[in-house]
Amino acid sequence: MSTNASVTNSADATARMHALHAMVEDGLASLLKEHAGEPTELYGPVRYALEQRGKRLRPLLALLTCEACGGKAEDALPAALAVEVFHTFTLVHDDIMDRAETRRGRAAVHRQYDENKALLAGDYLMGLSYDLLARAERAELRPMIRSFHRMVARLCEGQALDEAFESRTEVTKPEYLDMIAGKTGALIAFAMEAGARTAAAPDAFIDSATTAGAQLGRAFQIQDDYLDLMATDPNWGKPIGGDLVQAKWAYLLLH
């Protein structure tokens, strides 16, 4: 392949990523319009949480996987938004559990409002994620919902282990990797599975996408552990060393 062709392909890929990112942002903007009503004690925190800017990694993976399996990204958008809304729910509740003051450079939801309103907003966002998932018209809904609930269970198991590890003086690498496979890997794995299911991909493709997502999720968490200690970018959005201060086990500590 010539250098010019490589540059062209890279530019095309970048342009496509920007287009998919804009699709996700437009979808979230539509959700904000849907949730502009009363009572403001509920919808204010919901909107505040959804307005937080993020990388949108998980919904982008859903859209990209759908396209890779021969589907149209537009068909996977409801599932992609369900993944991002559910992710937002986990952040709201995580910040309460961790007593975090900030999230993505802004006050955490429970600090901007109060803990009760943040809990209620999180509950609402979780319910909304199921509603969005049900809007995925081209996907078989029953296996999608069952996979989604398995993901929720696996993620909660990972969160429970993460908290339990804080009181332990030793954690093994296999235990840690199993924990992050739930805490972080489960949702990324589901995002890619949902993309494949929306494209009506063969079971082998769905299984491969799910496995790839699980491994990517582990890698993402290990990188996150590293950045918690070593990040220098002011846009990191979290206090440097926050996990270490909270006595959380991270990959670096296992060495």
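## Burial and the overall fold

A residue is called buried here when its relative accessible area is under 20%, exposed when that area is over 50%, and partly exposed in between. By this rule Glu25 is buried, and Arg56 is buried as well; both belong to a predicted model, in which buried residues make up 45% of the 255 residues of the protein.

The protein contains 10 helices and two strands, and, read from the N terminus, its elements follow the order α-α-α-α-β-β-α-α-α-α-α-α. Its radius of gyration is 19 Å, close to the 18 Å that the globule rule gives for 255 residues, so the protein is as compact as a globular protein of that length. Taken along the principal axes, the box filled by the C-alpha atoms is roughly 50 × 50 × 40 Å. Among the contacts with a separation of 6 or more, 71% are accounted for by residues 24 or more positions apart. The protein exposes about 13,000 Å², of which carbon and sulfur atoms supply 55%.

## Salt bridges

Side chains of opposite charge can pair when their charged atoms come close. In this model the count of salt bridges comes to 16. One of them joins Glu25 and Arg56, whose closest N and O atoms are 2.9 Å apart. Because Glu25 lies in helix 1 and Arg56 in the loop between helix 2 and helix 3 (57-68), this pair ties together parts that are 31 residues apart in sequence.

Another salt bridge is formed by Arg154 and Asp178, with 2.8 Å between the closest N and O atoms. This pair links distant parts of the chain, since Arg154 is in helix 7 (residues 141-165) and Asp178 in helix 8, 24 residues apart. Arg154 counts as partly exposed because its relative accessibility is 25%, and Asp178 is likewise partly exposed, with a relative accessible area of 35%. Helix 7 and helix 8 also hold the partners Asp162 and Lys183, respectively, so that this pair ties together parts that are 21 residues apart in sequence; the closest N and O atoms of Lys183 and Asp162 are 3.1 Å apart. Here the two partners fall into separate classes of burial: Lys183 counts as partly exposed at 21% relative accessibility, whereas Asp162 is buried, with a relative accessible area of 4%. Elsewhere, salt bridges that share partners join Glu25, Arg53, Arg56 and Glu84 into one network.

## Helix 9 and a nonpolar patch

Helix 9 spans residues 203-230, and its 28 residues reach 40 Å from the first C-alpha to the last, close to the 40 Å expected at 1.5 Å a residue. An α-helix has 3.6 residues a turn, so residues three or four places apart point the same way. The buried residues of helix 9 are Ile206, Ala209, Gly213, Gly217, Phe220, Gln221, Asp224, Asp225 and Asp228, a list in which nonpolar side chains such as Ile206 and Phe220 stand beside acidic ones such as Asp224, Asp225 and Asp228.

On the surface, Tyr226, Leu229, Met230, Leu244, Leu252 and Leu253 make a nonpolar patch of about 520 Å². Helix 9 gives the most to this patch, with three residues. Tyr226 is found in helix 9 and counts as partly exposed, because its relative accessibility is 42%.

## Backbone features in the loops

The peptide bond that joins Glu38 and Pro39 is cis, with omega at about 0°. Pro39 lies in the loop between helix 1 (3-34) and helix 2 (40-50).

Arg104 and Ala200 each draw attention through the phi angle. Although Arg104 is not a glycine, its phi is positive, at about 55°; this residue is placed in the loop between strand 1 (102-103) and strand 2 (106-107), and it counts as partly exposed because its relative accessibility is 27%. Ala200, which is not a glycine either, has a positive phi of about 55° and is found in the loop between helix 8 (173-198) and helix 9. With a relative accessible area of 58%, Ala200 is exposed.

Definitions and conventions. Residues numbered from 1 in each chain as written. Predicted model: local features only at pLDDT ≥ 70, side-chain atom pairs only at ≥ 80, totals over all residues. Heavy atoms only, no water. Helix = DSSP H or I, 4+ residues; strand = E, 2+ residues; numbered from the N terminus. Expected span 1.5 Å × (residues − 1). Buried < 20%, exposed > 50% of the residue type's maximum accessible area, 1.4 Å probe, protein only. Patch = residues over 30% accessible without salt bridge, like charges linked within 9 Å, V, L, I, M, F, W, Y side chains within 5 Å. Areas by Shrake-Rupley, 256 points an atom, 1.4 Å probe, with all protein chains shown as cover. Salt bridge = Lys/Arg side-chain N within 4 Å of Asp/Glu carboxyl O. Rg over C-alpha atoms; globule rule 2.2 N^0.38 Å. Contact = heavy atoms within 4.5 Å.
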